[in-house]
Amino acid sequence: MVNIVHKFGGSSLSSADRYHAVANIVLANTEQGDCVVVSASGKTTDTLVKLWQSYQQQDSQAVSDILLLIDNNQRALIEQLLIGQNKQQALAQLKDELAVLNELISQQQLLEAPLLAHGEVWSARLLAAYLNQLGVDSQDVDARQLFTLNGGQLLHQKNQQQCSDAISRTHINVVTGFIAADCQGNTVTLGRNGSDYSATLLASYTFAKQVSIWTDTQGVFSTDPRKVKNAVKYAKVCREQANLLARLGNPVLHAKTLSPLKDSEIKLVVRSSFDCDATPTEVVKEGYSKAKRFITTLDNIDLLRVDKLSSGEVGELSQLIQHSLHHFTKEGDTYLLVPGQSTHQVVSHLAGRANIVESNLSGCAVVAPTADVSALTEQATALLKEQSIHPRFVQQDDNYVLILNDQAIDSDVLTLLHDKLVNKGQELAIIVAGLGNVGEVFLSQLQAQFARLSAQYKVKVVALLRSKQMLFSASGLNTETWQEQWHNEAQSYDKAELLARINELDYEHKVVIDITASEAFSQLYPDFVELNCHLISANKYAGTAANGWYQNLRTNLAERNLLWRYNTSVGAGLPINFALADLQNSGDSINRIEGVFSGTLSWLCSSYDGSVPFSDLVLQAQQMGYTEPDPREDLSGRDMQRKLLILARDLGLDLELDDIALTPLMPEQLAAGSWQDFLANKQLLDEFMTEKAAQAAAEGKVVRYTGAITLLDGKVQAQVGLVNVGKDDVLASLKPGDNIFVINSQWYTDNALVIQGPGAGKEVTAAGVHSDLYWLVNNLK
Ligand SMILES: NC(=O)C1=CN([C@@H]2O[C@H](COP(=O)(O)OP(=O)(O)OC[C@H]3O[C@@H](n4cnc5c(N)ncnc54)[C@H](O)[C@@H]3O)[C@@H](O)[C@H]2O)C=CC1
Ligand SMILES: N[C@@H](CC=O)C(=O)O
């Protein structure tokens, strides 16, 4: 059994460099016994078609010019790719074949199909030879030995046997696309896009697990990405929709290509040979992917009304004109959509049964889930009318609406339609990790946010995670009753299972919202990015990880157009990240940020007057949900150090955590050991604070915990620690729990820009996470 059948089109093999790229893909993605189906390289088939036309017109000058061009192109490829004996042998073989062609031309015995077959034969032979030269055991296989047709019908049993005989289990089989043989052994072709069809046929005859169509687009998009910048690439499309799209103008897959896969388990993926890392589109069986929204455009279309048209006849006509055809019934009449250039052929084939109802129409089709079609029909016709495009013919069916008119849909109108009809229907899956102080409030606030978020996308919470258990529902959880569901259905999970479940999610966008305080969870971010998840973090660990790891994460996010928001990791709900980004985007340069960046330390220092032991206040702060799970993360200054590093990196500085000097607000002995150990020795903390407060009081001052980063003459200085401030200092009268950010910049020199307000607390922090989510939803592409 073959594992995978790969198929490379002409553009993937258009130059020696492209052959190198294809060979690398083969090396990385194939096993012995796999098949690689190839088209003719670059424009070779077009050139061979021109040769055939010139031959028929008896234009001998054109014939010899074209032969020379073919000779030059093929030679150049051989010379750039092969060496030594291999090269000599390939050049000699090419010379012989061109001599035979010349001979056939001069004897007026040239035939079209065997002439066109040369393109694929040359590609297969060259790629196999090149792979052998690279040390990969490969053989080229002429598909005329594999596929036999009788009167245009494939002989399935015979073909299955021929494939089993000719496909080697110990080599990579490089197979010619597009061509087959009739029962007499004459060459026949499989028509336009025949190589894709060859690949799916071969997969069905060899019981392959997968067909990979490597092409010059990255997969199946919601609309033509060359015309609409924010066209969405879908990770999964079901076969029924792919088939409908093929008939309604989407050129990525043709109905014929999909036909051999009907009723099989074979997986079909469409991926880019120019960008192998891009996530492919998987075309899956019904029920394995939800229906999506698409818009296709059609040009130069004739609408025919046909008497008694059977589906079998539509297949024959498609074969005749080498184009996927769409037909439908409206008010008892059967209609056929035909490309203008083929109307004559179709009308004469139907011998008096076809009338042209409308000719030279353009338009669009919106393919969508059944439940959406009526509303989309109304919206689409209204939008087109606003653009002065008046529909001449509208056909609404269960899963699409076709709107035909006189004017072509240009890319501006298509972009408008796409924004209003496709983008609005997209879904965002939310994975919430961390259901502690902030996480629970986030979920309770979410209910009120749904309407606002849904103005852009359909938003669903699909997973809730605690450190050991998760609740996962791909179709969405009820966020009002999640506690009860958690109680009954939450299950233990591991990393592999979590990633596998996220990978299976069939949503246009996914976001992981990290409201844990877990370093281990933050280390999964690269895996989430790999699975095309956006990120929102209240957790500070990723933002303060080693700089190399952090920069890598940022690069990977950018490469995939993924967003990362972490507004609450500094200043809870205060808009500090927005302010810094805004200043920098407006051309300002920031040279100092100082202040108090810890809600816990602000509350502790401002509340402490000696009447209550300091350690009791720490426990109160913990109770109020201000502290980190282990409050020593706050007392050590580490939490504030992390916040300063996040700010520094937002200013574009490549700092590490330890580049920020730190003095803790607790004695060193308390740092080690468990939280219980800390509690057992808490009087050490009380003594420490009593002493610090007494020293400050002796100077007429109070104790505060502050941080600052200064950029001066290209040098950076950053520290967090204890300071004694005068009683009339703004920091002395800071409200307990408030943070303050004092920003000095080129524009805010004498009078600093000050942002002040609660820097911790579950409500404000959860609201800050919502602010990030709302921003994200409005900035998704
Ligand atoms: N509490 C506050 O005022 C603020 C908190 N933050 C940050 O928000 C995050 C959450 O804070 P809190 O809710 O106060 O903490 P918390 O300790 O109350 O809740 C953390 C939750 O994360 C879960 N968790 C831990 N490890 C996990 C893992 N590996 N996978 C999934 N879940 C895991 C825990 O089970 C717990 O439900 C922290 O990173 C904190 O620094 C940020 C700004 C303010
Ligand atoms: N423990 C932190 C919570 C917010 O990041 C703080 O007190 O500031």
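These legends describe five views of a predicted model.

**Figure 1. The whole chain.**
This view shows the predicted model of a chain of 781 residues, of which 43% count as buried. Its secondary structure comes to 27 helices and 31 strands. Along the principal axes, the C-alpha atoms fill a box of roughly 115 × 70 × 55 Å. Taking contacts in the chain between residues at least 6 apart in sequence, 72% join residues at least 24 apart.

**Figure 2. Residues 4-272, a span listed in UniProt.**
An unreviewed UniProt entry lists residues 4-272 as "domain: Aspartate/glutamate/uridylate kinase". In the model, this span is 49% helix and 17% strand. The C-alpha atoms at the two ends of residues 4-272 lie 16 Å apart.

**Figure 3. The surroundings of A129.**
The view is centred on A129, a residue of helix 5, which covers residues 112-133. Is A129 buried or exposed? A129 has 21 C-beta neighbours inside 10 Å, and a residue with 20 or more is classed as buried, so A129 counts as buried. Leaving aside residues up to four places away in sequence, A129 touches L82, N86 and A90. L416 serves as a second reference point: A129 and L416 are 287 residues apart in sequence. In space, the distance from the C-alpha of A129 to the C-alpha of L416 is 49 Å.

**Figure 4. The packing of helix 6 and helix 7.**
Two packed helices are described by the angle between their axes and the distance between the axes. Here helix 6 is formed by residues 156-166 and helix 7 by residues 194-206. Their axes are 9 Å apart, and the helices pack at an angle of about 85°. Angles of 65 to 115 degrees count as roughly perpendicular, so helix 6 is roughly perpendicular to helix 7. Which residues of helix 6 and helix 7 meet? On the helix 6 side they are N159, Q160 and C163, and on the helix 7 side L202, Y205 and T206. Sorted by class, this contact of helix 6 with helix 7 has 3 nonpolar, 3 polar and no charged residues.

**Figure 5. The shell around ligand 2.**
Which residues are around ligand 2? Listed in sequence order, they begin with A572, S598, G599 and T600. Next come Y626, T627 and E628, followed by D634 and D639. G759 and A760 complete the list. How many residues of each class does the shell around ligand 2 have? The shell has 3 nonpolar, 5 polar and 3 charged residues.

How values were computed
Residues numbered from 1 in each chain as written. Chains lettered and ligands numbered in written order. Predicted model: local features only at pLDDT ≥ 70, side-chain atom pairs only at ≥ 80, totals over all residues. Helix = DSSP H or I, 4+ residues; strand = E, 2+ residues; numbered from the N terminus. Buried ≥ 20, exposed ≤ 12 C-beta atoms within 10 Å, placed from the backbone. Contact = placed C-beta atoms within 7 Å. UniProt positions renumbered as here; feature names shortened; annotations may be inferred. Axes fitted to C-alpha atoms, helices over the stretch in contact; angles between N-to-C directions. Parallel < 35°, antiparallel > 145°, perpendicular 65-115°, else oblique. Nonpolar A, V, L, I, M, F, W, Y, C, P; charged D, E, K, R; others polar. Near = placed C-beta within 6 Å.
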